[in-house]
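I opened this model to look up charged side-chain pairs, a loop residue and a strand pairing. The entries follow in the order in which I went through them.

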Amino acid sequence: MKDIKKVNSDLVEFWNEAIKLPEDYKEQVKNSSDNSVMDLVPAQKLFDAVKELGSCKKVLDYGCGSGWGAFVAASSGCDDVLAVDLGQDIIDSLRFYAEVLKLDVKGEVIDENWIKSAPSMTYDGLVCSNVLDVVPLETAEMIIKEMARITTSNAKIVIGLNFYISEEMASKRKIELVDGMYLFVNNVLRLSSLSDDEWKNIFAPYFDVVKLDHFAWEGEPVESRRIFVLKKK
Ligand SMILES: C[S@@+](CC[C@H](N)C(=O)[O-])C[C@H]1O[C@@H](n2cnc3c(N)ncnc32)[C@H](O)[C@@H]1O
């Protein structure tokens, strides 16, 4: 990976734009009488895993996007939920949904270094969905190390990851993987493609894997996305 800073800033710009809510959509949601957290949740299995965080005292949704993870934790009983992400438009979306869903979730715009100065042993619940595998590996490793530091010894930790594209599969489908693992679309890093075992090894210095499950988004034929439930070593 050549210029990690540029890769990181390009991808944040991408996600900020992607997660920004158009005004007409917001009007539609505001005028609807049956908004539900489930409208935001990508899959039932993710909901079930994150629901467990409802019993935690303090939950962090790291790289929250629209904040579905934070909303599942809050609606499942946790009354101290913080959702953080790097883009202002992303946190504006989160705050919009918090208001519509009437859920008390705090949202904060952070920078990449926020996690390094977040207080140690603070969160007994943490959800981080589709973040670690859309950033360069070096960034993901830093985040994982800091996650171990900021969580309590008994913390419940749920990590969502995209599917894995092996080099063999990529070459069959004529997909270019930079450095054998990075998928760029229009010059934006969209996937750091690592196998289940490679992720286990990356978590291993800090976390044991309590559970690994696979799931699909609606319409996908195969359950190839990953949910890791971790506990601290
Ligand atoms: C694929 S989206 C996932 C959003 C949400 N967690 C979800 O599951 O729908 C990736 C998110 O990671 C955020 N992100 C990227 N780099 C990050 C970093 N270094 N620290 C925290 N969040 C980051 C992006 O801004 C974006 O909101």
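Entry 1, a loop serine. Before looking I noted the cut-off: a residue counts as buried when its relative accessible area is under 20%, and as exposed when that area is over 50%, with partly exposed in between. The model is a predicted one, and I kept that in mind throughout. I then looked up Ser166, which has a relative accessible area of 16% and is therefore buried. I found Ser166 in the loop between strand S5 (151-161) and helix H8 (167-172). I also checked its distance to Met181, which is 15 residues away along the chain, and the two C-alpha atoms are separated by 7.9 Å.

Entry 2, salt bridges around Asp80. I took a salt bridge to be a side-chain nitrogen of Lys or Arg within 4 Å of a carboxyl oxygen of Asp or Glu, and by this rule the count comes to 13 salt bridges. One that I looked up joins the side chains of Asp80 and Lys58, at 3.0 Å from N to O. Asp80 is in the loop between helix H4 (68-75) and strand S2 (81-85), while Lys58 is in the loop between H3 and strand S1 (59-62), so that the pair links distant parts of the chain, 22 residues apart. Lys58 has a relative accessible area of 27% and is partly exposed. Asp80 also forms a salt bridge with Lys106, where the closest N and O atoms are 3.2 Å apart. Because Asp80 lies in the loop between H4 and S2 and Lys106 in strand S3 (residues 105-109), this pair ties together parts that are 26 residues apart in sequence. Lys106, at 41% relative accessible area, is partly exposed.

Entry 3, Asp213 and Lys45. I next looked up the salt bridge between Asp213 and Lys45, whose closest N and O atoms are 3.4 Å apart. Asp213 belongs to strand S8 (residues 207-215) and Lys45 to helix H3 (residues 44-51), and the pair links these distant parts of the chain, 168 residues apart. Asp213 counts as partly exposed because its relative accessibility is 22%, and Lys45, at 28%, likewise counts as partly exposed. Salt bridges that share partners join Lys45, Asp213 and Glu223 into one network.

Entry 4, strands S2 and S3. How do S2 and S3 run, and how many bridges join them? I found that they run parallel and are joined by five bridges. Val84 stands opposite Glu108, which is in S3. Following the chain from S2, I passed through helix H5 (residues 88-101) to reach S3, and this β-α-β crossover is right-handed.

Note on methods. Residues numbered from 1 in each chain as written. Predicted model: local features only at pLDDT ≥ 70, side-chain atom pairs only at ≥ 80, totals over all residues. Heavy atoms only, no water. Helix = DSSP H or I, 4+ residues; strand = E, 2+ residues; numbered from the N terminus. Buried < 20%, exposed > 50% of the residue type's maximum accessible area, 1.4 Å probe, protein only. Pairing = 2+ DSSP bridges. Right-handed = clockwise from strand over helix to strand, strands pointing away.
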